[in-house]
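I opened the model to look up a few strand pairings and how the chains sit together. My entries follow in the order in which I made them.

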2 protein chains.
Amino acid sequence: MASGVRAPRAAATAADGGTRASAQSVATVERAADVLLHFAASGRRTLGVTEIADDLDLSKAAVHRILAALRSRGLIEIDEQTRRYSLGPMSARLGLAYLDQLDVRRLARPELVALSRDTYETATLSVRTRDARMYVDQVTPDREVIMSVSLGASYPLHAGGSSKAFLAFLPDEEIDAYLARDLEALTGATVVDRAALRREIDEIRAHGYAQSFGERQVGAASVAAPVFDHRGAPAAVISVCGLSERFAVESESCARRLLETTGKLSRLLGYQESKGE
Amino acid sequence: MASGVRAPRAAATAADGGTRASAQSVATVERAADVLLHFAASGRRTLGVTEIADDLDLSKAAVHRILAALRSRGLIEIDEQTRRYSLGPMSARLGLAYLDQLDVRRLARPELVALSRDTYETATLSVRTRDARMYVDQVTPDREVIMSVSLGASYPLHAGGSSKAFLAFLPDEEIDAYLARDLEALTGATVVDRAALRREIDEIRAHGYAQSFGERQVGAASVAAPVFDHRGAPAAVISVCGLSERFAVESESCARRLLETTGKLSRLLGYQESKGE
DNA sequence: AAACAGCGTTACAATCAGCGAAACAGCCCG
DNA sequence: CGGGCTGTTTCGCTGATTGTAACGCTGTTT
């Protein structure tokens, strides 16, 4: 069953995940990128040739050749004993290079530290990637029970404080486009009703920050607000997050402190308060 | 001069950077990996098509196609205005996924925090990648003048405290192999004399830690020691680093505290003290 | 032990996808 | 306006990449 029926080669551009990057492309490289990213997406640390081939609907031979190529550049490693593959150090280099060039991250770092210190909770930084968002930094407080998010993981734009903080401050047409999609529920508390989401977006705009109780992660809560760039677009979102029980009482004071931070950073990025409606 | 004389396609496997990953490979994917990694290696944040083509000796058309493929998967982004390319968010995802699966990093994190707190200096964690090493984590102290290293950057194994700590505890044949290479000087203080390096390796083994004053970075100093895995091989190196002037007096006390940390972590990784010669 | 079932890896020849050269299309500067 | 840059596209040629199928190998099952 390993090499079952497979679509003919030509039908490549079928899925077209988001950006149609000008038809002039290289199918082999796209496949290689899929293989590479599968290590991050699958959640499993090591993968075998057959496993990848089945998951991505490629032939074992193709996967094997691609892995050999990626391996020659250190993006992928092989465990000589088990013959299983995992991400290599050059992958880390790529990621850290990307993060290094995110100036909002460099600017935000000391503010995250201060924010976490003052609230005794975890402070996070997220950036948007089309119709998802990703944590790119966090600072955890020095106490016993803390919340820790996983950097690099992607989440939809409608579930959780940080996500909704992005969504609420996008241009209306982008909001409409996003809401037209399927809205998956990550927990029982995730808001998937479109009308309810629209009401909440209005509320978030009015208050300047979003909050969530268990929408993305059961037992967790957060307040989140965007950092605006010079064009008034949300360049990043900062959140303060922790356990639901604590936030029942803390949430308002955290939000006040949070807005100080995002306001300061927005000004650093050249945002003019006055422009805001 | 853009598309000058280029070697014929067949001569691909010429360079063979290190791991000859079984001839069964895909040249196109190797080229794509080179393009991708060039963003991290070149140091420049944005690159143009011609720039990449010249640097890597590829045709503009090939680079353009590769970039389109990488772009379709979010590994590369394009600035629509300037038509220049940069790393995309999926690159971050890759890197963070790699770091997440490094168990030594997860284990070391709280120890780095404690180490930095106790020494009032920066604590770093490095892993080895064949004949180089790379910072994968750091914790900076809460004081005005601090040292900060750049995560993801690679350094040779003979320059600086962390590097020498790796080198000294490798198997003899690997040390010999490394010393047979060209030893580049990063600063005026970098030790490039082979005999002197061998003497220092003996010293490092005797003391259990390495130190450096400005060997990798002018004005900086460090003490560094390896964390051993269950086989007795150095799985990572931890360093305490800061400004040279401070280390003139601090170095010994930092080293004592450092060895507590690395000892504890080595035991966590299953290292049996007794085995050590 | 022997057969099996799974893995990763390699060989092979057909073919189609990727190739480079060159033309094209913007942009900026003098 | 024209030259010199970009990035992008076109277009046939061709050989690199492809999937199938066979190969070892390891571990488990019978």
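Entry 1, a hairpin in chain B. I began at Gly214(B), which takes a positive phi near 70 degrees in the hairpin of strand 6 and strand 7 of chain B, with 6 residues between the strands. Strands here are DSSP runs of E of at least two residues, helices are runs of H or I of at least four, and both are numbered from the N terminus. Strand 6 (residues 210–213) and strand 7 (residues 220–228) of chain B pair in the antiparallel sense over 4 bridges; pairing requires that DSSP find at least two bridges between two strands. Ala210(B) stands opposite Ala224(B) in strand 7 of chain B.

Entry 2, ground rules. The model is predicted, so I noted that local features need pLDDT of at least 70 and side-chain atom pairs count only at pLDDT 80 or more, while totals for chains, interfaces and linings use all residues. Residues are numbered from 1 along each chain as its sequence is written, and chains are lettered from A and ligands numbered from 1 in the order in which they are written.

Entry 3, strand 7 of chain A. I asked how many of the 9 residues of this strand are buried. The count is 9 of the 9, so strand 7 (residues 220–228) of chain A is largely enclosed by the rest of the structure. Buried means 20 or more other C-beta atoms within 10 Å of the residue's own, with C-beta atoms placed from the backbone; 12 or fewer is exposed, and in between is partly exposed. Strand 7 of chain A pairs antiparallel with strand 8 (residues 234–243) of chain A over 9 bridges, and there Ala224(A) stands opposite Ser239(A). In the hairpin of these strands, which has 5 residues between them, Gly232(A) has a positive phi near 85 degrees.

Entry 4, the two copies. I laid chain B on chain A by a turn of 180 degrees and a shift of 0.0 Å along the axis, with an RMSD of 0.1 Å. That is the relation of a two-fold axis. The fit is by least squares on C-alpha atoms of residues with pLDDT of at least 70 in both copies. In chain B, Gly95(B) has the C-alpha nearest the axis, at 1.9 Å.

Entry 5, the interface. I found 51 residues of chain B in contact with 50 residues of chain A, contact being C-beta atoms, placed from the backbone, within 7 Å. Helix 4 of chain B gives the largest share of its side, 12 residues. Of the interface residues of chain B, 98% are also interface residues in chain A, so the copies meet through the same surface.

How values were computed
Contact = placed C-beta atoms within 7 Å.
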